[in-house]
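Student: Hey, got a minute to walk through this model with me? I'd like to go through it piece by piece.

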Amino acid sequence: MNNFTCVSCERKLNTSKFNKKSTICYYYLSKARVERIQTKDFLEENFTKTWSATLFKKYVLYLIELGIDAETICKNISKVLRVLQAAENELFKTF
Ligand SMILES: [Zn+2]
């Protein structure tokens, strides 16, 4: 039974890579995640300052504008998230 296809884009699922319940491909999951990280909910959960949330969202939009694919954005965005969160914490310590 290796013939599952993604319910969203009909790409063939490589079942070895996915848990058995998965019905959507990694590509689609990545796309959904890229949508999610731009939502107000996500930004509010992950940032305490407006400027950092805005920078993060602008960065995501910039990557999309460059034509970077969703999987690559997902691979790199967690580091960006951590850098901006660290900046949030560090910037105001010295003031
Ligand atoms: Zn898909």
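**Polar contacts, zinc and salt bridges**

Tutor: Sure, starting with a polar contact: the backbone oxygen of Val34 lies 3.0 Å from a polar atom of the Gln38 side chain. A polar contact here is a pair of N or O atoms within 3.5 Å; within protein, one must be able to donate a hydrogen and the other to accept it, and residues adjacent in sequence count only if both atoms are side-chain atoms. Keep in mind that this is a predicted model, where local features need pLDDT of at least 70, side-chain atom pairs count only at pLDDT 80 or more, and totals for chains, interfaces and linings use all residues. Residues are numbered from 1 along each chain as its sequence is written, and side-chain values use heavy atoms, with hydrogens and water left out.

Student: Where does Gln38 lie?

Tutor: In the loop between α1 (26-36) and α2 (40-46). Helices are DSSP runs of H or I with at least four residues, numbered from the N terminus.

Student: And is Gln38 buried or exposed?

Tutor: Buried, at 14% relative accessibility. The cut-offs are under 20% relative accessible area for buried, over 50% for exposed, and partly exposed in between (1.4 Å probe, protein chains only). Leaving aside neighbours within four places in sequence, Gln38 is in contact (heavy atoms within 4.5 Å) with Leu43, Lys57, Val60, Leu61 and Ile64.

Student: Switching to the metal, what are the protein donors of the zinc ion?

Tutor: Cys6, Cys9 and Cys25, each through SG, at 2.1 to 2.2 Å from the zinc. Along the chain their spacing reads C-x2-C-x15-C. Cys9 and Cys25 both sit in the segment before α1, so that pair ties together parts 16 residues apart in sequence. Donors are N, O and S atoms within 2.8 Å of the metal (3.2 Å for Na, K and Ca); water is not among the atoms, so sites may look incomplete.

Student: How accessible is Cys25?

Tutor: Cys25 is buried, with a relative accessible area of 4%, while Cys9 is partly exposed at 32%.

Student: OK, how many salt bridges does the structure hold?

Tutor: Two, each counted when a side-chain nitrogen of Lys or Arg is within 4 Å of a carboxyl oxygen of Asp or Glu. Glu44 pairs with Lys40, with the closest N and O atoms 3.0 Å apart. Glu45 meets Arg36 at 3.5 Å, N to O.

Student: How far apart are Glu44 and Lys40 in helix α2?

Tutor: They are four residues apart, so about one helical turn separates them.

Notes: Helix = DSSP H or I, 4+ residues; strand = E, 2+ residues; numbered from the N terminus.
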